[in-house]
Amino acid sequence: MDMIVRPTAELKGEIGALSSKNYTTRYLLVAALAEGTSTVYYPAHSEDSDAMRRCIQDLGAVLQEDDEKIVITGFGKNPRDVKELNVGNAGAVLRFLMAIAALCPDVTFVNTYPDSLGKRPHSDLIEALESMGVEIEHQEGRLPITIRGGNPKGGKIKVSGEVSSQYLSALLFLTPLLEEDSEIEVLGDLKSKVVIGQTLEVLEQAGIKIDAASDYMSFRVPGRQAYQAKNYTVQGDYPGSAAILAAAAVTKSDVKVHRLMERSKQGERAIVDVLQMMDVPLSHKEGTVHVLGNGRLRPVEFDGDAATDAVLAMVAAAVFADGTSRFYNVENLRYKECDRITDYLNELKKAGAQVEERQSEIIVHGRPSGLEGGATINAHYDHRVIMALTVVGLRCKEPLLIKDAHHVAKSYPQYFDHLTALGASVEWVK
């Protein structure tokens with residue numbers, strides 16, 4: 001399904017933020033790893049969280065779901081012996097479950113998205129698991145991946161943080177369950193440190209004790225721990241809300257987004273700070289961000305590593321700023337569902353944006369008068385690219401046609417419904 005985005009001068013209304021994908025997948029996992037019954041309130045509904053639901057059920061968790069919660073009876077440290085797991089296109093789910101699959105005798109992760117997740121490398125995690133005595137078959141670090149585990153060993157474990165923090169998170173979920181104590185050392189630079197903070201927060205809520213160095217480069221994990229069955233409430237999602245807030249910033253708007261905690265550990269909450277730096281009139285109190293946009297924006301310089309999943313939305317806002325913006329330290333955007341620097345900027349250029357790339361930078365020469373538009377855009381099956389390009393389309397003189405925009409469902413199935421409710425002129429076409 002393709003999406004036509006037409007020029008939209010004004011957005012008005014209020015919505016509840018969608019629930020956090022990152023917290024939902026983590027809560028589902030720690031609930032599955034507990035003996036007993038846990039409840040997760042306000043879980044996200046997205047392809048990622050649905051993949052985690054499906055896979056933990058395959059591994060032996062029992063789920064009961066209604067409109068506001070999921071009740072999960074976990075399998076503890078004894079997952080069911082399954083032959084295959086299908087994570088769809090969900091990279092984080094794959095990596096977390098590769099670690100948990102080390103407790104299984106023989107399980108194959110199948111490759112159902114050869115052009116997206118199937119191209120992404122997982123070698124750093126594979127090497128760490130192999131050092132723990134797990135036998136792994138793989139295609140040069142890529143799917144399909146077969147894990148023959150059953151009795152992984154703790155001890156001294158090294159893992160690279162250069163490509164993704166998800167490898168480290170995966171080991172932090174697994175090591176508390178092992179017989180031995182573990183020491184995890186991170187090699188190189190650690191990407192997306194803020195997301196490790198979310199993992200540690202969820203582990204602590206689940207009753208797991210981990211001693212983390214302040215720079216998150218080393219961890220001491222006592223073995224023989226047990227996850228506790230608990231009740232969890234998922235907070236609103238800043239990465240998805242970033243595009244909504246950016247859309248409000250580039251138009252004349254009166255938009256409120258609820259359920260966005262001021263003190264969230266989500267790095268993407270920086271979207272609020274960045275929009276304030278860009279002189280967007282807004283307030284943030286009692287969990288509600290209220291944007292009174294006037295379409296006028298100042299340029300900004302921002303270190304994107306702390307807020308990886310909000311950078312594309314920030315760039316979309318900067319496209320209309322009065323001056324040149326720079327987003328630096330963003331190289332890990334290249335290793336997502338697509339190359340979110342080269343691929344995204346090429347599409348922005350089609351719409352008329354003036355943008356440049358470096359290996360780890362995005363430079364945006366703002367055009368306050370708006371863009372020409374009138375182009376067909378390839379969003380590379382990437383939900384974040386789809387959302388950000390939609391923001392740009394609102395300020396184009398001619399409509400944008402975004403190909404395969406239904407892939408927004410990976411993280412935010414209601415995105416276009418929410419934009420429509422706020423008055424955006426968007427329309428599905430086959």
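## A buried cysteine, two cores and a salt-bridge network

Let us start with Cys-55, which is buried at a relative accessible area of 0%; buried here means under 20% relative accessible area, exposed means over 50%, and partly exposed is in between (1.4 Å probe, protein chains only). This is a predicted model, in which local features need pLDDT of at least 70 and side-chain atom pairs count only at pLDDT 80 or more, while totals for chains, interfaces and linings use all residues. Residues are numbered from 1 along each chain as its sequence is written, and side-chain values use heavy atoms, with hydrogens and water left out.

**Cysteines**

What is the distance from the sulfur of Cys-55 to the closest cysteine sulfur? That sulfur belongs to Cys-104 and is 11 Å away, too far for a bond. Cys-396 is in no disulfide either, with the nearest cysteine sulfur, that of Cys-338, 19 Å away. Like Cys-55, which is buried, Cys-396 is buried, at a relative accessible area of 3%. With a disulfide taken as a pair of cysteine sulfur atoms within 2.5 Å, the count comes to 0 disulfides.

**Nonpolar cores**

A nonpolar core is a set of buried Ala, Val, Leu, Ile, Met, Phe, Trp, Tyr and Cys residues joined through side-chain atoms within 4.5 Å. The largest one has 82 residues, and Met-278, Phe-327, Tyr-344, Leu-348 and Tyr-415 touch the most other members. Helix α7 (residues 238-250) gives this core its largest share, 10 residues. (Helices, H or I of at least four residues, and strands, E of at least two, are DSSP runs numbered from the N terminus.) Apart from this core lies another, of 75 residues, including Ala-99, Tyr-167, Leu-190 and Ile-196.

Tyr-415 is worth a closer look. Beyond its neighbours within four places in sequence, Tyr-415 is in contact (heavy atoms within 4.5 Å) with Ala-243, Ile-244, Met-387, Thr-390, Val-391 and Val-408. Among these partners, Met-387, Thr-390 and Val-391 are buried residues of α11.

**Two enclosed helices**

In α11, 11 of the 11 residues are buried, so this helix is largely enclosed by the rest of the structure. At its start, a side-chain oxygen of Asp-382 reaches to within 3.0 Å of the backbone nitrogen of Arg-384. Helix α9 (residues 311-318) has 8 of its 8 residues buried, so α9 too is largely enclosed. Those buried residues include Val-311, Leu-312 and Met-314.

**Salt bridges**

A salt bridge is a side-chain nitrogen of Lys or Arg within 4 Å of a carboxyl oxygen of Asp or Glu, and the whole structure holds 29 of them. Here are three.

| Pair | N to O distance |
|---|---|
| Asp-81 and Lys-83 | 3.6 Å |
| Asp-106 and Arg-148 | 3.3 Å |
| Arg-340 and Asp-382 | 2.8 Å |

Their surroundings make a nice series. Asp-81 counts as partly exposed at 45% relative accessibility, and Lys-83 as exposed at 54%. Asp-106 and Arg-148 form a salt bridge; Asp-106 lies in the loop between α3 (91-100) and β7 and Arg-148 in strand β9 (residues 142-148), so the pair ties together parts that are 42 residues apart in sequence. Both ends count as partly exposed, Asp-106 at 25% relative accessibility and Arg-148 at 27%.

Arg-340 and Asp-382, by contrast, are both buried. Arg-340 sits in the loop between β19 (324-328) and α10 (342-351), and Asp-382 in the loop between β23 (376-378) and α11, so this pair also ties together parts that are 42 residues apart in sequence. Through shared partners, salt bridges join Lys-21, Asp-48, Asp-309, Glu-337, Arg-340, Asp-382, Arg-384 and Lys-410 into one network.

**A buried arginine without a salt bridge**

Which side chain of opposite charge is nearest to Arg-395? It is Asp-322, 10 Å away, and Arg-395 is buried yet has no salt bridge. Arg-395 is found in the loop between α11 (383-393) and β24 (396-398). A polar atom of the Arg-395 side chain lies 2.6 Å from the backbone oxygen of Pro-368. Further contacts of Arg-395, outside its neighbours within four places in sequence, include Val-250, Gly-295, Phe-320 and Ser-369.

**A buried glycine**

Gly-118 lies in the loop between β7 (107-109) and α4 (123-131) and is buried, with a relative accessible area of 9%. Not counting residues up to four places away in sequence, Gly-118 touches Asn-111, Tyr-113 and Arg-142.

How values were computed:
Lys, Arg positive; Asp, Glu negative; His and termini not counted. Polar contact = N/O pair within 3.5 Å; in protein donor to acceptor, adjacent residues only side chain to side chain.
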